[in-house]
Amino acid sequence: MAWFYLLLAGLCEIGWVVGLKISQVSTTRLLGIFMAILFIGVSGFLLWLAQREIPIGISYAVWTSIGAAGAFIVGVIFFDDSASIGHCLGIILIIIGVVTLKLSS
């Protein structure tokens with residue numbers, strides 16, 4: 001169950017970053033701020049639950065990696081962020097690192 005909590009925490013990491021992004025537009029500012037606060041709280045709570053069974057270093061690395069890779073993907077798909085070969089290679093390496101951490105646990 002701890003790995004499930006950690007996956008959900010990582011997905012919520014994406015939510016608060018997206019909330020910060022949409023808060024940059026004046027018409028969605030309050031929604032974005034509310035979204036960011038809500039998701040960061042839920043993300044932190046789920047990370048806390050996951051850390052009851054998963055070591056802190058592993059859980060934090062996986063949590064931030066899911067957030068970073070997910071935010072990159074959401075940025076490319078929904079916010080027209082660039083996706084150069086270098087960017088994509090970096091994200092692939094992050095994903096490989098997370099899979100390696102999971103397989104070695």
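**Exercise 1. Determine how far helix 1 reaches and which of its residues are buried.**

Solution. Helix 1 spans residues 2–22, 21 residues in total, and extends 30 Å from its first C-alpha to its last. This is close to the 30 Å expected at 1.5 Å a residue, where the expected span is 1.5 Å times one less than the number of residues. Helices here are DSSP runs of H or I with at least four residues, and strands are runs of E with at least two, numbered from the N terminus.

The model is predicted: local features need pLDDT of at least 70, side-chain atom pairs count only at pLDDT 80 or more, and totals for chains, interfaces and linings use all residues. Residues are numbered from 1 along each chain as its sequence is written, and side-chain values use heavy atoms, with hydrogens and water left out.

Next comes burial. A residue is buried under 20% relative accessible area, exposed over 50%, and partly exposed in between (1.4 Å probe, protein chains only). In helix 1 the buried residues are A2, L6, A9, G10, C12, E13, I14, G15, V18, G19 and I22. Their cover includes helix 2 (29–50) and helix 3 (56–78).

**Exercise 2. Locate S23 and S43, and state which residues each one touches.**

Solution. Begin with S23, which sits in the loop between helix 1 and helix 2. S23 counts as buried because its relative accessible area is 12%. Contact means heavy atoms within 4.5 Å. Apart from neighbours within four places in sequence, S23 contacts T28, R29, G32 and I33.

Turn then to S43, a residue of helix 2. Its relative accessibility is 0%, so S43 is buried. Not counting residues up to four places away in sequence, S43 touches A9, C12, E13 and W63. Of these partners, A9, C12 and E13 are among the buried residues of helix 1.

**Exercise 3. Establish how many disulfides the structure holds, and classify C12 and C88 by accessibility.**

Solution. A disulfide is a covalent bond between the sulfur atoms of two cysteines. The criterion applied is a pair of cysteine sulfur atoms within 2.5 Å. The structure holds zero disulfides. C12 is buried, because its relative accessibility is 11%. C88, at a relative accessible area of 31%, is therefore partly exposed.

**Exercise 4. Describe the setting of H87 and of I96 in helix 4.**

Solution. H87 belongs to helix 4 and is partly exposed because its relative accessibility is 39%. Leaving aside neighbours within four places in sequence, H87 is in contact with F72 and S82. A9 lies 78 residues from H87 along the chain, and their C-alpha atoms are separated by 23 Å.

I96 also lies in helix 4, residues 85–103. With a relative accessible area of 47%, I96 is partly exposed. L89, I92, L93 and I96 together form a nonpolar surface patch with about 390 Å² of accessible area.

**Exercise 5. Summarise the fold and the dimensions of the protein chain.**

Solution. The secondary structure comprises four helices and zero strands, in the order α-α-α-α from the N terminus. Along the principal axes, the C-alpha atoms fill a box of roughly 45 × 35 × 15 Å. Of the 105 residues in the chain, 32% are buried. Among contacts between residues at least 6 apart in sequence, 63% join residues at least 24 apart.

Notes. Patches are made of residues with over 30% relative accessible area and no salt bridge: like charges are joined within 9 Å, nonpolar side chains (Val, Leu, Ile, Met, Phe, Trp, Tyr) within 5 Å. Accessible areas come from the Shrake-Rupley method with a 1.4 Å probe; for residues, only the protein chains shown count as cover. A salt bridge is a side-chain nitrogen of Lys or Arg within 4 Å of a carboxyl oxygen of Asp or Glu.
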